[in-house]
Amino acid sequence: MYEESNRRHFLKKLGIAGSALASVPTIVMGKTSTPPVHSMSRGKNSSANDKLQIALIGAGGMGRSDLNTALSHPNTEVVAVADLYEGRLELIKQKYGKDIFVTRDYRKVLERDDVDVVIIATHDHWHKQISVEALQKGKHVYCEKPMVHSLDEGHEVIKAQKKSGKVFVVGSQLLSALGYEKAKELLNQGAIGKLNYAEGVWARRSSGGAWNGAIPEDASPKTVDWDTFLKDKKRYKFDPERFFNWRKYKDYGTGMNGDLFVHIISGLHFVTDSFGPNQIYSTGGIRYWNDGREVPDVLVGTFDYPKTKTHPGFNLSLRCNFVDGTKGGYFYVMRLIGSDGYMEIQPNKVILGRNKVLSGIDPNVDPAEVHSAFQERKRMVSPEEIIYNAEDGYKGCHYDHFGYFFDAIRYGNSVVEDAVFGYRAAAPALACNESYFQKKIIQWDPVKMKKIG
Ligand SMILES: NC(=O)c1ccc[n+]([C@@H]2O[C@H](COP(=O)([O-])OP(=O)(O)OC[C@H]3O[C@@H](n4cnc5c(N)ncnc54)[C@H](O)[C@@H]3O)[C@@H](O)[C@H]2O)c1
């Protein structure tokens with residue numbers, strides 16, 4: 001948590017408070033045109049000899065990536081895979097061999113005694129149901145984000161996790177990154193002073209980036225279990241566009257909020273130890289990709305975070321533009337802004353920018369610590385930007401996220417992104433959807449995890 005004393009300690013380390021000048025390393029103290037670069041690292045994840053038997057439910061793009069990362073950890077093995085489209089089950093057999101049990105029916109996977117861990121990477125509207133059933137069957141669960149598809153589904157998952165005693169983790173992997181861990185440490189040290197604002201921006205300008213994926217030529221009611229896909233939603237006739245480009249439709253996806261905003265909200269909650277905002281508003285529209293989609297291609301969300309024991313009151317602004325004309329391509333940025341500077345947080349890197357102290361002494365520093373006779377003397381200038389980089393060979397946050405998950409299963413460690421955390425991160429994103437569609441401000445109780453009004 002931010003404390004003024006931590007901030008003063010950090011200033012001293014940077015050489016801004018007078019009495020600590022002598023002990024500060026030259027790389028931090030010296031005026032330099034190149035930002036100093038620091039290295040971030042972490043001890044190796046420990047591993048046990050007992051093999052974890054894994055099943056995947058939802059073998060699309062992310063599911064296969066999750067499985068690949070999971071299996072890159074020692075002592076893991078895939079035993080079963082469920083998916084609603086034959087083409088994806090075929091891909092699994094090609095990669096992992098014909099002995100892997102594959103099925104369209106996820107319940108057959110959950111019934112198997114040889115499955116310890118289930119990865120759920122289905123479309124969003126199936127997350128809650130399969131998570132609850134998997135926990136009831138005594139499986140450890142890694143469920144992709146957003147944890148739930150609608151605001152009212154969260155408590156059921158929390159209850160199922162508690163009752164099962166199994167490890168449940170949500171797949172917003174950013175918060176397991178070295179970059180986010182470093183940002184948390186720096187914020188607590190007061191590196192940017194008092195937090196007042198956070199922002200996240202996504203910009204894309206491509207058909208694929210706007211969720212128009214290729215539809216396989218063999219897609220048909222024979223190769224796709226359309227009825228199961230629809231779940232309890234409206235009964236449309238077979239429509240491969242809805243099945244493969246599901247993010248564009250409210251019944252199955254959660255728009256930019258559940259696809260993208262939730263990642264930043266999760267990372268932010270981790271860095272600030274926050275339970276979430278109490279007021280959410282969003283606006284936007286379908287500005288270009290007028291292709292029958294139901295969710296906006298330009299969206300702005302604003303979130304009010306009330307002052308708590310762990311952080312001051314601050315505002316969060318998130319925006320996403322799939323019609324971005326300035327840079328093209330694809331980029332995203334996450335920044336925290338404080339009274340003394342900012343942090344740009346990336347999975348492998350943190351850029352810390354500090355307000356320049358132009359003359360005299362930083363007004364926030366206790367004058368008693370300053371030798372007043374030397375006020376006019378030239379002073380060492382602290383760097384305006386410090387870059388923290390992950391060590392070469394860092395395997396990344398996706399690997400780490402699975403590492404923490406497996407450690408929790410093997411050694412009883414706790415995971416950060418459990419069902420309570422996952423719901424507190426998903427809820428503001430889902431409230432953002434409600435705000436957009438209902439054109440109103442959503443009031444939310446982040447402690448009780450309940451909508452107000
Ligand atoms: N953590 C991340 O960075 C990240 C990135 C991309 C996607 N995701 C999340 O992963 C999930 C999957 O996204 P994707 O891009 O892989 O989608 P996708 O369309 O490529 O794959 C989804 C798969 O789920 C299967 N499926 C749906 N319902 C099922 C059911 N009841 N039983 C068995 N299989 C079922 C479908 O057949 C499909 O193959 C989404 O929730 C998405 O938000 C997370």
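Two residues are in contact if their C-beta atoms, placed from the backbone, lie within 7 Å. Among contacts in the protein chain of this predicted model between residues at least 6 apart in sequence, 74% join residues at least 24 apart. The chain has 453 residues, of which 43% count as buried, and its secondary structure comes to 13 helices and 17 strands.

**Confidence of the prediction**

- Averaged over the protein chain, the pLDDT is 89, and 83% of the residues score at least 70.
- The pLDDT is below 50 over residues 17–33, a stretch that nevertheless has 28 contacts in the model beyond near neighbours in sequence.
- Residues 43–47 also have a pLDDT below 50, and beyond near neighbours in sequence this stretch has 5 contacts in the model.

**Helix 12 and its surroundings**

- Helix 12 runs over residues 397–411, and its 15 residues should span 21 Å at 1.5 Å a residue, which agrees with the 20 Å that separates its end C-alpha atoms.
- The buried residues in this helix are C397, H398, D400, H401, F402, G403, F405 and F406.
- An α-helix has 3.6 residues a turn, so residues three or four places apart point the same way.
- Among the elements that cover the buried residues of helix 12 are strand 2 (52–57) and helix 3 (61–71), together with strand 6 (140–143) and strand 7 (168–170).
- Just after helix 12 comes G412, which takes a positive phi of about 75°.

**The shell around the ligand**

- There are 25 residues around the ligand, and those that come nearest are G58, G60, M62, L84 and T122.
- Sorted by class, this shell has 10 nonpolar, 9 polar and 6 charged residues.
- Helix 3, which is also among the elements covering the buried residues of helix 12, supplies the largest share of the shell around the ligand, with 3 residues.
- Helix 9 (226–230), like helix 3, supplies at least two residues of the shell around the ligand.

**The loop that holds S150**

- S150 has its place in the loop between strand 6 and helix 7 (154–164), and strand 6 is itself one of the elements that cover the buried residues of helix 12.
- Because S150 has 17 C-beta neighbours inside 10 Å, this residue counts as partly exposed, given that a residue needs 20 or more such neighbours to be buried and 12 or fewer to be exposed.
- Between S150 and D124 there is a separation of 26 residues in sequence, while in space the two are 9.3 Å apart, C-alpha to C-alpha.

Definitions and conventions. Residues numbered from 1 in each chain as written. Predicted model: local features only at pLDDT ≥ 70, side-chain atom pairs only at ≥ 80, totals over all residues. Helix = DSSP H or I, 4+ residues; strand = E, 2+ residues; numbered from the N terminus. Expected span 1.5 Å × (residues − 1). Near = placed C-beta within 6 Å. Nonpolar A, V, L, I, M, F, W, Y, C, P; charged D, E, K, R; others polar. pLDDT = per-residue confidence, 0-100.
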